[in-house]
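Me: Got a minute to go through this one with me? I'd like to talk strands, cysteines and a helix.

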Amino acid sequence: MGCCSILGRVLGRLGRRPEIRAASKDAGFGTEARRQLQPRGFSKRSTPLENQPFPGLLQPENLSREQLVDVLRASVVDQKGPLVTLNKPQGLPVTGKPGELTLLSVLPELSQSLGLGERELQVVRASGKETSGLVLLSSCPQTASRLQKFFTYSQRTQRPIATYWAVTDGIPAPSEGKIQAALKLEHMDGVDLRLTPQVVPVKPPSRKDILEGVKRTLSHYRVVATGSGCALVQLQPLTVFPSQLQVHMVLQLCPVLGDHKYSARVSIVLGQRFLLPAESTKPQRQVLDEALIRRLHLTPSEAAQLPLHLHLHCLRLPGARPRDTPVELLAPLPPYFSRTLHCLGLHQQ
């Protein structure tokens with residue numbers, strides 16, 4: 001039986017599983033969203049995670065290859081046929097330089113560990129190093145190709161396939177809308193050239209800019225909950241560009257919590273927020289209000305190590321047949337993310 005036939009059977013079974021639901025227009029909002037975001041084991045009176053600044057946060061750079069394989073195997077959300085879905089820990093790069101420990105570098109060992117034999121996994125969909133959440137893998141090249149075509153078609157028709165949760169420092173206004181920006185990658189003066197280039201907005205882009213790598217980007221956002229001057233935001237990118245969601249939220253003057261790369265572009269003077277020039281603002285540790293640090297039960301040194309609160313929560317996959325409703329894969333929030341929601345009261349609506 002071919003991979004594509006297997007994929008149809010797999011997707012049919014996925015749509016019937018309770019933790020993988022059929023997609024709907026407003027999926028992820030309302031009562032279901034609050035239930036999904038409610039940290040397990042929490043009640044209004046219990047605070048079991050407050051004694052740890054970042055519970056569940058891994059340090060992938062301190063792991064051996066064997067340990068990383070064990071971590072990834074434990075993070076499998078679903079495995080059916082050729083498809084394997086992981087809940088990637090924050091801080092793990094998907095790709096890197098030769099010799100670096102990355103998700104891609106341990107896929108042969110992970111494939112063996114999951115009993116796939118000679119059918120080595122390949123990455124179909126994944127987010128960046130600092131983002132936690134879903135990673136979709138496939139051991140069948142034909143299946144991977146079909147899914148890539150589905151993702152490309154969805155992007156071209158501006159149908160969201162990925163849903164992220166983010167906690168922002170600041171509350172976006174209006175509470176729902178689109179963010180459009182032309183972005184480019186650029187090495188900044190005074191910044192080590194060995195580091196990754198910075199993402200810089202271009203306004204307005206010329207035809208020459210587009211030819212030189214400037215891309216028009218678009219994201220949908222919706223504020224789900226607010227508290228302590230922060231917001232829980234649902235983000236759906238309709239284009240793909242490095243750090244797109246982080247830069248888009250900076251353009252809304254509400255950087256993602258734990259964004260130590262782009263948040264310095266937002267300055268506050270006399271309570272008013274404004275953007276600093278991206279070309280001349282170097283990356284630095286995010287500066288948070290003292291009251292917010294206290295609310296998070298962190299010390300200033302701990303706040304300087306705050307992980308990025310951006311989580312790929314949901315991926316839409318095509319149904320088993322062309323006219324079937326797409327199904328959604330879901331990844332639970334990391335414990336440190338749930339702790340932040342609890343401290344800020346953001347799981348309450």
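Me: How many bridges join β8 to strand β9?

Reply: This is a predicted model, where local features need pLDDT of at least 70, side-chain atom pairs count only at pLDDT 80 or more, and totals for chains, interfaces and linings use all residues. Residues are numbered from 1 along each chain as its sequence is written, and side-chain values use heavy atoms, leaving out hydrogens and water. Strands (E, at least two residues) and helices (H or I, at least four) are DSSP runs numbered from the N terminus, and two strands pair if DSSP finds at least two bridges between them. β9 covers residues 230-237 and runs antiparallel to β8, and the bridges joining them number eight.

Me: Which residue stands opposite Gly-227, and which one in the hairpin takes a positive phi?

Reply: Across from Gly-227, in β9, you'll find Cys-230. The hairpin of β8 and β9 has two residues between the strands, and the one with a positive phi, near 55 degrees, is Ser-228.

Me: What stands opposite Glu-176 in β8?

Reply: Strand β6 (residues 176-186) pairs with β8 (residues 215-227) in the antiparallel sense, over eight bridges. Glu-176 faces a β8 residue there, namely Arg-222.

Me: Why is Cys-230 not bonded to Cys-254?

Reply: A disulfide is a pair of cysteine sulfur atoms within 2.5 Å, and a search of the whole structure turns up zero. Cys-254 holds the cysteine sulfur closest to that of Cys-230, but it's too far for a bond, at 9.4 Å.

Me: Are those two cysteines, Cys-230 and Cys-254, buried or exposed?

Reply: Buried means under 20% relative accessible area, exposed over 50%, and partly exposed in between (1.4 Å probe, protein chains only). Cys-230 sits at 0% relative accessibility, and Cys-254 has a relative accessible area of 4%. So the word for both is buried.

Me: Which residue in the turn between β10 and β11 has a positive phi?

Reply: β10 (residues 266-269) and β11 (residues 272-275) run antiparallel and are joined by four bridges. One bridge pairs Ile-268 with Arg-273 in β11. The hairpin leaves two residues between the strands, and the one with a positive phi of about 55 degrees is Leu-270.

Me: How many residues of helix α10 are buried?

Reply: α10 spans residues 335-344 and is mostly covered. The buried ones include Tyr-336, Phe-337, Arg-339 and Cys-343. Out of 10 residues, the buried count is nine.

Me: And which residue just after α10 takes a positive phi?

Reply: The phi there is about 70 degrees, and the residue is Gly-345.
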